[in-house]
Every structure is written in structure tokens, then in C-alpha cells.
Amino acid sequence: MLCDNQIFAAPMAGITDRPFRRIVREFSPNAPMVTEMISCHSIVGAHKNCLRNFDNYADEGAIGAQIFGADVNLMADAARILQDAGAKWIDINMGCPVPKVATRAGAGAHLMQDHKLAGNIMTAVVRAVQIPVSIKTRLGWDDAHRDWRNLIDIAADCGVRFAALHGRTRAQLYLGGAVHPDVSTCPIPVIANGDIRTADDVKRAYDLGYSGVMIGRGLMGAPWIINQICGGCAPDNVGEIVLRHLEYAIEYYGAATAIPMFRKHAAWYSAGMPNSSAFRIHVNQITDANLLKVAIREFWGMI
Ligand SMILES: Cc1cc2nc3c(=O)[nH]c(=O)nc-3n(C[C@H](O)[C@H](O)[C@H](O)COP(=O)(O)O)c2cc1C
């Protein structure tokens, strides 16, 4: 039987915020989770919007705070701040493909092209904190440069404790099926990421030498998926979960911010159900919390 502490919730910008993590934890209390990526510049500059993301990790269970950036000293400073904020480990983003991060900031996936800078960042971050440091990376920049193993070897030399490996290149973005290479000879534990949805996927990953798996998009509209993979059932009343998630979002952000942010979650929770597109259109027009709750109750047959 699988255990939820072997199945990570992946970092997803705009999704794995504190309200979402709270819902996921209700189903899978021991699942390790990674925050949305946060720029080292924002953390160190104590950017207001980012403060909300890292002000209160102390009361969360297994939580890794993910940072991105290309400035060695700022990355180390950011890691220290997040350690003080209660993060249980620091994760360095070395896979984000979006141009703003990978091209313009020289961070994220760019570090797969600059192993020297990647090594300097890893060394500085490991030295800066007492908690473990991990990296999250991809197979390589493109098909001609599938050099993930080099980066993992460098990470091990720098004192990084484990790596999550998304089974795609930067060039693939999120397209095509993820491929999980054999990692059984890697010097540090590797976590498989990409298209993991079922207990069979997890078993395949273990057979290839992975120490755990990490789930991203499978959690969208299904925050119970980790528990389900571990043998639990999907909830009978999804509407109740949606309402609770909404409550947590309102509590955290306030209604004016939470309601537009929640629209994507409402769409994912309702996907594939009869009349879901009409529900989505309706929800996208709602700006009042009570009306949104009524719409959710109606859609899931709770009134
Ligand atoms: C909307 C979205 C936001 C993401 N944000 C991040 C992020 O902040 N940091 C990161 O390392 N990966 C991020 N990812 C990548 C995921 O963590 C994961 O590697 C990818 O989705 C593949 O896993 P999956 O097939 O289980 O979704 C994001 C993915 C999506 C779809």
C-alpha cells in the first residue's frame, strides 16, 4: 500500500497556494508539498504580494518553499528568509520554461544550460540554510541536450539532498508524454514528475529507481488524488469540497481577490460533468461570494 508521504504535490504558480494546500492536506496530511515558485528578488525585497505566500509556513506540515532566480547571493538570502518563515526545505527551480523566467531572468530552465551558475547557486543556498535543499529540473534544454544526469551529479556534489525530475525537456514545455529515465544509479534520491496519475504510474516510477513521485495537474479539480492513489476513495460530495476550498480562499485573500481566482478551480472541479460549460460561464460572471456559493450548491445538487 502506498503512503501519502511518498507523493509530492508539485509547485504550480497560481494554483498551489495556501488555500489549495489546505484542501490537499485534508485528504493527504503527510504529503510533501512545494509552494508556487517565488522570485528571490521578491522575497528579499519583501514584495507585498509575495509576503502572503511565505509569511506562515510554520503551521504547515511538510512544505518546501520554491525559489527562482539567477543571483547567487539573493538566492541564498531568500532561502534564509524562507527558512525563518518555517519552510521545511528549500527547492530551487531549474525547470521553469516560460520566457520571463528562463530567458529574460536567466533563471529556471536556463540553469540547465549554465551548470556553472547552477552549481554556484546550489552551493550558496545549501550553505545558507540548515534545512534540506532540493532542485526541480527537467530532462534537459532540448532533445540535443538531455543532460539531466550531469545536473543531478553536480547537485549531489553541492550538497543538494534530492531532485524532482520532470520527464520533459524545456523545448517540450508541457507537450508530449513525459518520459521517466532510469535513475537507479543517481547519487541522490530522485522524484518522478510528469503525467503521474495512478498507483500503477507510481509503481513504474519505483521500478525505475525513483524514491517518490510528484503530481501537478492531476491535482487540479481533484485535491484528493494523492489519497486516492494510496487506496482512498474520491469524495461522495464534491460540492462540499468546492465550498470549503472557496471558504479557505476567501479567508486568505478576501472575497474580491478570491472570487476571480477561484473561477479556474470551479472549472476544473466541474469538468466533464453535465452542464459544466453553462456552469463555467455563469461562475465567470459572479462577483459576489454568496451568489457563488449558491451556484456551487445548485450545480452539485446540494439545494
Ligand atoms: C499552471 C502551472 C504552473 C506551474 N508552476 C510551476 C512552478 O511554480 N514551479 C515549478 O517548478 N513548476 C511549475 N509547474 C510545473 C509542474 O510543477 C510540473 O512539473 C508539471 O506540470 C508536470 O507535472 P504533471 O504532469 O503532474 O502536471 C507548473 C505547471 C503548471 C501546469
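In this predicted model, Arg-138 sits in strand E6, which covers residues 133-140. Arg-138 is buried, yet it has no salt bridge. What is the nearest side chain of opposite charge to Arg-138? That turns out to be Asp-195, 10 Å away. The side chain of Arg-138 does reach the backbone oxygen of Gly-95, at 2.9 Å. Beyond its neighbours within four places in sequence, Arg-138 is in contact with a long list of residues, including Met-94, Gly-95, Pro-97, Trp-148, Arg-168 and Tyr-174.

One of those contacts, Arg-168, does pair up with Asp-195: their side chains meet in a salt bridge, 2.9 Å from N to O. This pair links distant parts of the chain, with Arg-168 in strand E7 (residues 162-169) and Asp-195 in the loop between strand E8 (190-193) and helix H8 (199-207), 27 residues apart. Arg-168 counts as buried because its relative accessibility is 2%, whereas Asp-195, with a relative accessible area of 32%, is partly exposed.

That bridge belongs to a wider set, as a search of the whole structure finds 14 salt bridges. Another one joins the side chains of Glu-247 and Lys-293, again given as N to O, at 2.9 Å. Glu-247 lies in helix H10 and Lys-293 in helix H13 (residues 289-299), so this pair ties together parts that are 46 residues apart in sequence. Glu-247 counts as partly exposed at 36% relative accessibility, while Lys-293, at 15%, counts as buried. There is also a network: salt bridges with shared partners join Arg-18, Arg-21, Arg-25, Asp-59 and Glu-60. Asp-143 and Arg-146 form a further bridge, their side chains meeting at 2.7 Å, N to O. Here Asp-143 is exposed, with a relative accessible area of 57%, and Arg-146 is partly exposed, with 40%.

The three arginines of the network, Arg-18, Arg-21 and Arg-25, bring the story to helix H1, where they are among the buried residues. How much of H1 is buried? Eight of its 10 residues are, so the helix counts as mostly covered. Besides the arginines, the buried residues of H1 include Pro-19, Phe-20, Ile-23, Val-24 and Phe-27. Their cover includes E2, strand E4 (63-68), helix H9 (225-229), H10 and helix H11 (255-270). At the N-terminal end, H1 is capped by Asp-17, which places a side-chain oxygen 3.1 Å from the backbone nitrogen of Phe-20.

Just past H1 comes Ser-28, in the loop between helix H1 (18-27) and strand E2 (33-34). Is Ser-28 buried or exposed? With 0% relative accessibility, Ser-28 counts as buried. Leaving out residues up to four places away in sequence, Ser-28 touches Asp-4, Ile-226 and Asn-227.

On a broader view, the protein is divided into domain 1 (4-229) and domain 2 (238-299). The C-alpha centres of the two domains lie 28 Å apart. Their contact takes 18 residues from domain 1 and 14 residues from domain 2.

As for the interior, nonpolar side chains in soluble globular proteins tend to be buried together. In this model the largest nonpolar core has 94 residues, and Ile-90 and Met-122 touch the most other members. Helix H10 (residues 238-253) gives this core its largest share, nine residues. Both domains take part, since the core draws at least three residues from each of domain 1 (4-229) and domain 2 (238-299). Apart from this core lies another, of eight residues, among them Trp-89, Ala-164, Ile-191 and Met-214. Back in the largest core, Ile-90 has contacts outside its own stretch of sequence that include Ala-65, Ile-67, Leu-82, Val-125, Val-129 and Val-133.

A last stop is Arg-127, in helix H6 (residues 115-128). Unlike the buried Arg-138, Arg-127 counts as exposed, at 71% relative accessibility. Arg-127 and Ala-76 are 51 residues apart in sequence, but in space their C-alpha atoms are 8.0 Å apart.

Terms used
Residues are numbered from 1 along each chain as its sequence is written. This is a predicted model: local features need pLDDT of at least 70, side-chain atom pairs count only at pLDDT 80 or more; totals for chains, interfaces and linings use all residues. Side-chain values use heavy atoms; hydrogens and water are left out. Helices (H or I, at least four residues) and strands (E, at least two) are DSSP runs, numbered from the N terminus. Buried means under 20% relative accessible area, exposed over 50%, partly exposed in between (1.4 Å probe, protein chains only). Contact means heavy atoms within 4.5 Å. Lys and Arg count as positive and Asp and Glu as negative; His and the chain ends are not counted. A salt bridge is a side-chain nitrogen of Lys or Arg within 4 Å of a carboxyl oxygen of Asp or Glu. A polar contact is a pair of N or O atoms within 3.5 Å; within protein, one must be able to donate a hydrogen and the other to accept it, and residues adjacent in sequence count only if both atoms are side-chain atoms. A nonpolar core is a set of buried Ala, Val, Leu, Ile, Met, Phe, Trp, Tyr and Cys residues joined through side-chain atoms within 4.5 Å.
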